[in-house]
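User: I would like to go through the terms used for this structure and see what each one rests on. Can we take them one at a time?

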Amino acid sequence: MERNTLARQIINTCLEMTILGLNQGTAGNVSVRYQEGMLITPSGIPYEKLTESHIVYVDAEGNHDKTQLPSSEWRFHLAAYHTRSDTHAVVHNHAIHCAAVSILNRPIPAIHYMVAAAGGNSIPCAPYATFGTSELSEHVAVALKHRKATLLQHHGLIACGENLEKALWLAHEVEVLAQLYLCTLAITDPVPVLDDEEMAVVLEKFKTYGLQCGPAQP
Ligand SMILES: C[C@H](O)[C@@H](O)[C@@H](O)C(=O)COP(=O)(O)O
Ligand SMILES: [Zn+2]
């Protein structure tokens, strides 16, 4: 796809993220795999002010046009593409319930079968490291090895997808699961979970679910 078209899709995804209530201020960032690297949102510019020319191309080594400043999290976006060959879009946000669970430093267990949408029987919580660091990107690479989404301790969420639509959908889904987890945690801890056998059945069913609709989820 043409660079400008992808840039517009990135901006629309950012705006949609805000409409869905997943973000606030300049928190979060969005990228798509492009050529040998990725196209990514710039650092610290409010989404409403973004135009196509703000979207930065960063190559696989982290090089970019010196007149532009890519998201401070370009390292973990590159790490996601490097770790997951099925990933062509990455969404990061500070959605409130995801951030709350990340502060508790807990993975989201199999409290609901939709946890399988992230590719397994839990959604991990990558250990804390300062934003924008190589250390954080290393934690992200480990967490995303077997999952399409991970919480970031004391920070937020990362969700990956084959395209922007799927990555945003998963980010929203994980936020709903995080909210559900917090609601149930307020009543009982540990929260009852589905067993590994049932989650394996769901993971198998998700391999073919929704295929007749093209970009359907999961
Ligand atoms: C301090 C930043 O907000 C950090 O949390 C980062 O992870 C983020 O979400 C937005 O940073 P950029 O504007 O640099 O993408
Ligand atoms: Zn962040």
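User: What makes R84 buried or exposed?

Analyst: This is a predicted model, and every value below is computed from it. R84 has a relative accessibility of 11%. Buried means under 20%, so R84 counts as buried.

User: Which residue meets the side chain of R84 in a salt bridge, and why is the pair called that?

Analyst: The partner is D86, with 2.8 Å from N to O. A salt bridge needs a side-chain nitrogen of Lys or Arg within 4 Å of a carboxyl oxygen of Asp or Glu. An Arg and an Asp at 2.8 Å fit that description, so the term applies. D86 has a relative accessibility of 33%, which makes it partly exposed.

User: How many salt bridges does a search of the whole structure find?

Analyst: It finds five. One of them joins R8 and E52, whose closest N and O atoms are 3.2 Å apart. This pair links distant parts of the chain: R8 belongs to helix α1 (residues 3-19), E52 to the loop between β2 (37-40) and β3 (56-58), and 44 residues separate them.

User: What makes R8 and E52 partly exposed?

Analyst: The relative accessible area of R8 is 30%, and that of E52 is 25%. Partly exposed is the class between under 20% and over 50%, so R8 belongs in it, and so does E52.

User: How do you know that K166 and E162 form a salt bridge?

Analyst: Their side chains meet at 3.6 Å, N to O. The limit is 4 Å, so the pair qualifies. K166 has a relative accessibility of 13%, so it counts as buried. As a general point, side chains of opposite charge can pair when their charged atoms come close.

User: Which residues coordinate the zinc ion (ligand 2)?

Analyst: H92, H94 and H155 do, each through its NE2 atom, at 2.0 to 2.1 Å. A donor has to be an N, O or S atom within 2.8 Å of this metal, so these nitrogens pass. In sequence the donor residues are spaced H-x1-H-x60-H.

User: Why is the arrangement around the zinc ion (ligand 2) called irregular?

Analyst: There are six donor atoms, and the angles they subtend run from 63 to 167°. For six donors to count as octahedral, opposite donors must be over 155 degrees apart and all others between 65 and 115. An angle of 63° fits neither range, so the arrangement is irregular. For comparison, ideal angles are 90 or 180 degrees for six octahedral donors.

User: What makes H92 buried, and H94 partly exposed?

Analyst: H92 has a relative accessible area of 1%, and the limit for buried is under 20%. H94 is at 24%, so it falls in the partly exposed class. H92 sits in strand β4 (residues 89-93), while H94 is in the loop between β4 and α3 (96-103). Leaving aside neighbours within four places in sequence, the contacts of H92 include M17, F76 and H155. With the same neighbours left aside, H94 touches L22, A99 and H155, among others.

User: How do you know that E73, H92, H94 and H155 gather at one spot?

Analyst: The UniProt record, an unreviewed entry, marks these four residues as "binding site". They span 83 residues in sequence, yet no two of their C-alpha atoms are more than 13.0 Å apart, so they lie together in space.

User: Where else does UniProt place the feature "binding site"?

Analyst: The unreviewed entry also places it at G28, N29, S43, G44, S71 and S72. These span 45 residues, but no two of their C-alpha atoms are more than 9.9 Å apart, so they too gather at one spot. S43 is in the loop between β2 and β3, where G44 is also found. S43 makes contact with L69, P70, S71 and S72, neighbours within four places aside.

User: Why are S43 and G44 put in the classes they have?

Analyst: S43 is at 29%, so it is partly exposed. G44 is at 54%; exposed means over 50%, so G44 is exposed.

User: How many residues has the largest nonpolar core?

Analyst: It has 47, and I10, I108, L151 and V174 have the most contacts inside it. Helix α5 (164-185) gives the largest share, 10 residues.

How values were computed
Residues are numbered from 1 along each chain as its sequence is written. Chains are lettered from A and ligands numbered from 1 in the order in which they are written. This is a predicted model: local features need pLDDT of at least 70, side-chain atom pairs count only at pLDDT 80 or more; totals for chains, interfaces and linings use all residues. Side-chain values use heavy atoms; hydrogens and water are left out. Donors are N, O and S atoms within 2.8 Å of the metal (3.2 Å for Na, K and Ca); water is not among the atoms, so sites may look incomplete. Four donors count as tetrahedral if all angles lie between 85 and 135 degrees; four count as square planar and six as octahedral if opposite donors are over 155 degrees apart and all others between 65 and 115; anything else is irregular. Buried means under 20% relative accessible area, exposed over 50%, partly exposed in between (1.4 Å probe, protein chains only). Helices (H or I, at least four residues) and strands (E, at least two) are DSSP runs, numbered from the N terminus. UniProt positions are given in the numbering used here, feature names are shortened, and annotations may be inferred rather than shown by experiment. Contact means heavy atoms within 4.5 Å. A nonpolar core is a set of buried Ala, Val, Leu, Ile, Met, Phe, Trp, Tyr and Cys residues joined through side-chain atoms within 4.5 Å.
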